[in-house]
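User: Could you walk me through this structure, one feature at a time? I would like to learn how to read each of them.

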Amino acid sequence: MNMAFKQETLRDDYTFSNSPESVRRFPFPFDEDEYMYSVNIEPHDAGPPGAVTEYAIDIDEHYLTECEERRIVLEDDHGRYVALPHMMDAQWDMVELVMTNLAKDYPESFQLTQDGDNWHWVNKPLGIDQQFVFGDTSTLPMEPFEFISRQVQGDWVIMDQRDDDLFADLGIVTGQADWSVAFDAGMSFKEWHAPVPHAPEMGIFDRALKYLLHLQYGSPVRRTNWRMCVNPRLDTSSEKWHLWGPDNVSVTAENVAEKVYLRVELQALFRLPRSNAIAFSIRTYMVSLEDLAMYPRWIKRLYRVLNSLHPDLAEYKGLNSYLPYVLEWLKPQDDGEVLPKGT
Ligand code: HEM
């Protein structure tokens, strides 16, 4: 990563901002002029240098900002961390997944030394230097998954696989798009997806579940999902709706380009070796409409997608109160150029 870590806020005065490099690597999710849910799962292969998919776990200029945001959320509500007792093997799997990948891909920031079960972890940006015995929780200052998930960007839900289904039995979720991990804890794949409009009857969750049950260790997969938000606020959880919901009616024709953000979740799924659980990471990237306009093709495509979006999806994604302002701002920037599918 060739960007310096920034220290910004994702609440109150919202000092979060993207460098031009961050905008350039934004995972713009639309490759055609329309959008409907699909089983958009592909191998989580290494992308080109600098892309958000270059490495299995992406660290960017917002690393310190997001770790601090997670600390703030957990201090206020520790219920965003959920760990059912039978998930201890999965907790250690996660320690291994995150530490080995970060140390391999970002050696200037993270170092891991392994001598049998004696591990030594150094996280330079956060100033952590921890020796511990892998598998022995008493050698860490907190549960293993909480320890490591406070040091990585993105939310994580770890699913236990049993009875041909997946259950959300372990997770750290501090920056979600209007759902609640406390509510979903222990639910099965189709249960927690029940509020999503149209996708169940399109067979999307049947097919996705079937695919995931056969996910192989060493062959992770990924998909993207998207929303929009008002202000660069990561914690748009259902629990905190009273804090961010009212912002949705603060958008005007004058402030829409700076206040409204396209919010993309790069979701990767990894089979874990000891527990046979599946780790699901939800890594959120936010870019304001103003910044998105650096790339006119993105703006044209976004206009077409939003202008043709099924009303039920617009409602589910919580866009209704400000979508007219967004469309009004985007429309004059669409000159009608034909944008080939897949670009
Ligand atoms: C939405 C979790 C995998 C498709 C959601 C929601 C949650 C969730 C909590 C929000 C539901 C709500 O509104 O309460 C997960 C977990 C997964 C997973 C833990 C790990 C296995 C997948 C996969 C697909 C998928 C593989 C593939 C099609 C969707 C879609 C939505 C959704 C289409 C609606 C998103 C939107 O419109 O904003 N998921 N999901 N999910 N999920 Fe998943």
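User: Where along the chain is H193 found?

Analyst: Start by placing a residue among the helices and strands. In this predicted model, H193 sits in the loop that joins α6 and α7.

User: Which protein donor does the iron atom of the ligand have?

Analyst: For a metal, look for N, O and S atoms within 2.8 Å. Here H193 is the only protein donor of the ligand's iron, through NE2 at 2.0 Å.

User: How much space lies in the largest pocket, and which residues are closest to its centre?

Analyst: Take the volume, then the lining. The largest pocket holds about 880 Å³. Its lining has 39 residues, and W192, H193, V196, Q267 and Y316 are the closest to the centre. So H193, the iron's protein donor, is also in that central group.

User: Which elements give two or more residues to that lining?

Analyst: Among them are the helices α5 (181-184), α6 (189-192) and α7 (204-213). Strands are there too, including β6 (155-162), β8 (221-230) and β9 (260-271). The most comes from α7, with four residues.

User: What is the make-up of the lining by class?

Analyst: Count each class: 24 nonpolar, seven polar and eight charged residues line the largest pocket.

User: And what about the second largest pocket?

Analyst: Read it by the same steps. Its volume is about 660 Å³. Of the 26 lining residues, those closest to the centre are F28, P29, F30, D31 and T224. Strand β8 gives the most, with five residues. By class, the lining has 13 nonpolar, seven polar and six charged residues.

User: At what angle do helices α11 and α13 pack?

Analyst: For a helix pair, read the angle and the axis distance together. Helix α11 (residues 296-307) packs against α13 (residues 323-330) at about 140 degrees, with the axes 10 Å apart. That angle makes α11 oblique to α13. The crossing of α11 past α13 is left-handed.

Notes
Residues are numbered from 1 along each chain as its sequence is written. This is a predicted model: local features need pLDDT of at least 70, side-chain atom pairs count only at pLDDT 80 or more; totals for chains, interfaces and linings use all residues. Side-chain values use heavy atoms; hydrogens and water are left out. On a 1 Å grid over the protein atoms alone, a cavity is a set of points where a 1.4 Å probe fits but cannot get out, and a pocket is an open set with protein on both sides within 12 Å along at least five of seven lines; lining residues have an atom within 4 Å of a point. Grid points are joined across faces, edges and corners, and a volume is the space filled by probe spheres set on the points. Ala, Val, Leu, Ile, Met, Phe, Trp, Tyr, Cys and Pro count as nonpolar, Asp, Glu, Lys and Arg as charged, and the others, Gly among them, as polar. Donors are N, O and S atoms within 2.8 Å of the metal (3.2 Å for Na, K and Ca); water is not among the atoms, so sites may look incomplete. Axes are lines fitted to C-alpha atoms, for helices over the stretch in contact, and angles run from 0 to 180 degrees between N-to-C directions. Angles under 35 degrees count as roughly parallel, over 145 as roughly antiparallel, 65 to 115 as roughly perpendicular and the rest as oblique. A crossing is left-handed if the near helix is turned anticlockwise from the far one by less than a right angle, and right-handed if clockwise.
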